[in-house]
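Reader: I would like to go through this model by asking about its ring pairs, its helix packing and a few single residues. Please show the sequence and structure before we start.

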Amino acid sequence: MASAGASPPAGLGWNRASATLALLSLAMFTVSLDQYIVVVALPDISRDLGYSAQTLQSVISAYAVASAGFLLFGGRAADLVGRRRVLAAGLALYAGAALLGGLATDPGTLLAARAVQGLGGALVFPTTLALINVTFAEGRVRNRALGVWGGAGAAGLVIGVLLGGLLTHAFGWRAVFLVNVVLAVPALLLAFVLIPKDRPRDRGRGFDLPGALSVTAGITLVVFALVQGPELGWFAPGILLGAAAGLLLLGLFALIERRSSDPLVPPRLLTNRSLVTSVVIAFMFMATFGSVLYFLSLHFQEVLGYDALETGVGFLVPTAVVVAGSTAAGRLVTRFGLRSTLLGALAVGALGAVLLGFATSPDGSYTALLPGLVALSAGDGIVFTAMFIAAGTGVADRDQGIASGIASTGSGIGAAVGLAVLVLAATAGLDGLTAEELREATAEGISRSLFVVAAGIALTFLVALSRREQIIEAQPPPPPGRGRRC
């Protein structure tokens, strides 16, 4: 929202806007961290709480399903209810659920905590992106700010595995939940200090409750079917019923939107070519880059025989490269434009996935993985930031929340689709194998999944290449004049 007399920040020197950016980056880091921080702790969780091999993966999927289903809701709520209110509510839910998870003594309590954490993350993710887009003017300064925010988010995904290994080794699995309390509570308190008070709600805008309920339930059911399909079987009654009901609800959502006077997803946003392209790339990004962490963790533990600590240390290199790539992405976009930056990063990422595919052999080593890890991580970090720069380009302040929700929903669904497809590719032929045969077949399956990732990244490259006119190039630095604030 435009301020009456504030000047746009000429840079990111330390000021209130930069302090706000630090807070929003911390919040983004916190919710990104939790997507993978429990991966390394799963064996210990299984032993302590009595999960079976068939139900253990639900610790991951409970978060993914709840998060993906409520991202649009979170974005719309941020625009209508107030961004500070929604951010605070999301962080409070997140911290409370993390505490509950850390104290859980049975599988049901832990799953409930993970689902509520996912809901909290769905409120925080699009709200932090919207707040950055309304705090910093479009162009060079916003690109740099999104580079910091994107670096925090991409780093959280990778550091989650590293920190999960360190905490599990030193303090046990409960620490991977309790660390989120330590991060989320200070962020919650600082939100009331750094983010201006929300303006009164515009009573002329409705929440489109029928649309919100139908799309939230529809996406939740579809993502549930995608996440649980590999575990329960694609033709299991619950999976078929969930997928069918979810698709019907999404069809109902489309009908509701056509008749609504104030739809959840304003039609004007669907004509924003940069936003539409960002959604496609966000979907493909999480289906490819975003799924690699799971398989790398599996390779370290099941093939190379690393323990939790060694697995965490194995992610030090990709963490550093992802942070560097994400942070540099804003400057790259300003200098070379979104399209060129995305194409270069996707090409590097595809090469990295191919190199990793060849390196993940049963008798391989960590050293052999390094060239692929570096290339894939560089592409990962740059694309993560660039696709969210595209999501906010040309979007009015009043719509930044829902635009952020649309883009992040694309990434959430992509993560579910990608993991479902890649798990099928990685686990084909493992039934009945044990000991050394299982280890060798696991390595071959992971290698196969990485080649599928490379093909998916190449497809994303073609999407970006063929839709040239849909990616708005970087804007020049804003002229002196009015700035923006929350």
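**Rings, helices and contacts**

Reader: How many aromatic pairs does the structure hold?

Author: Rings of Phe, Tyr and Trp (its six-membered ring) count as a pair if their centres lie within 6.5 Å. The number of aromatic pairs in the structure is 14.

Reader: What kind of model is this?

Author: Residues are numbered from 1 along each chain as its sequence is written, and side-chain values use heavy atoms, with hydrogens and water left out. Local features need pLDDT of at least 70, side-chain atom pairs count only at pLDDT 80 or more, totals for chains, interfaces and linings use all residues, and the model is predicted.

Reader: Is the pair of F285 and F289 stacked or edge-to-face?

Author: Planes under 30 degrees apart count as stacked, over 60 as edge-to-face and the rest as tilted. The rings of F285 and F289 are 5.1 Å apart centre to centre, with 25 degrees between the planes, and the pair is therefore stacked.

Reader: Why are F285 and F289 separated by about one helical turn?

Author: Helices are DSSP runs of H or I with at least four residues, numbered from the N terminus. F285 and F289 are both buried (under 20% relative accessible area, with over 50% called exposed and partly exposed in between, for a 1.4 Å probe and protein chains only). They are about one helical turn apart because they both lie in helix α11 (residues 273-303), at a spacing of 4 residues.

Reader: What is the angle between the planes of Y294 and F295?

Author: Y294 also lies in helix α11. Its partner F295 is buried, at 3% relative accessible area. The pair of Y294 and F295 is edge-to-face, 5.1 Å centre to centre, and the angle between the planes is 90 degrees.

Reader: Which residues does Y294 touch, not counting residues up to four places away in sequence?

Author: Contact means heavy atoms within 4.5 Å. With those neighbours set aside, Y294 touches Y36, Q57, L419 and V423.

Reader: Which residues do ring pairs link into a cluster?

Author: F285 and F289, the stacked pair, belong to this cluster. Its full list is F125, W149, F285, F289, F384 and F388.

Reader: Is α6 roughly parallel or roughly antiparallel to α13?

Author: Axes are lines fitted to C-alpha atoms, for helices over the stretch in contact, and angles run from 0 to 180 degrees between N-to-C directions. Angles under 35 degrees count as roughly parallel, over 145 as roughly antiparallel, 65 to 115 as roughly perpendicular and the rest as oblique. Helix α6 (residues 140-171) packs against helix α13 (residues 316-336) at about 165 degrees, with the axes 7 Å apart. α6 is therefore roughly antiparallel to α13.

Reader: How many charged residues does the contact of α6 with α13 have?

Author: The contact includes R140 and R144 of α6 and R331 of α13. Ala, Val, Leu, Ile, Met, Phe, Trp, Tyr, Cys and Pro count as nonpolar, Asp, Glu, Lys and Arg as charged, and the others, Gly among them, as polar. The contact of α6 with α13 has 10 nonpolar residues and 9 polar ones, and the number of charged residues is 3.

Reader: Is α1 roughly parallel or roughly antiparallel to α6?

Author: The axes of α1 and α6 cross at roughly 30 degrees and come within 7 Å. That angle makes α1, relative to α6, roughly parallel.

Reader: How many nonpolar residues are in the contact of α1 with α6?

Author: The α1 side includes L21, L24, M28 and F29, and the α6 side includes V148, W149 and L157. There are 5 polar residues and no charged ones, and the nonpolar count is 13.

Reader: Which residues is L33 in contact with, leaving aside its neighbours within four places in sequence?

Author: L33 belongs to helix α1 (residues 16-33) and is buried, with a relative accessible area of 0%. Its C-alpha atom is 9.4 Å from that of A152, 119 residues apart along the chain. With its sequence neighbours left aside, L33 is in contact with G156, I159, G160, L163, N180 and L183.

Reader: Is A225 buried or exposed?

Author: A225 sits in helix α8 (residues 209-232) and is in contact with W234, I239 and A243, leaving aside neighbours within four places in sequence. Its relative accessible area is 4%, so A225 is buried.

Technical notes:
Helix = DSSP H or I, 4+ residues; strand = E, 2+ residues; numbered from the N terminus.
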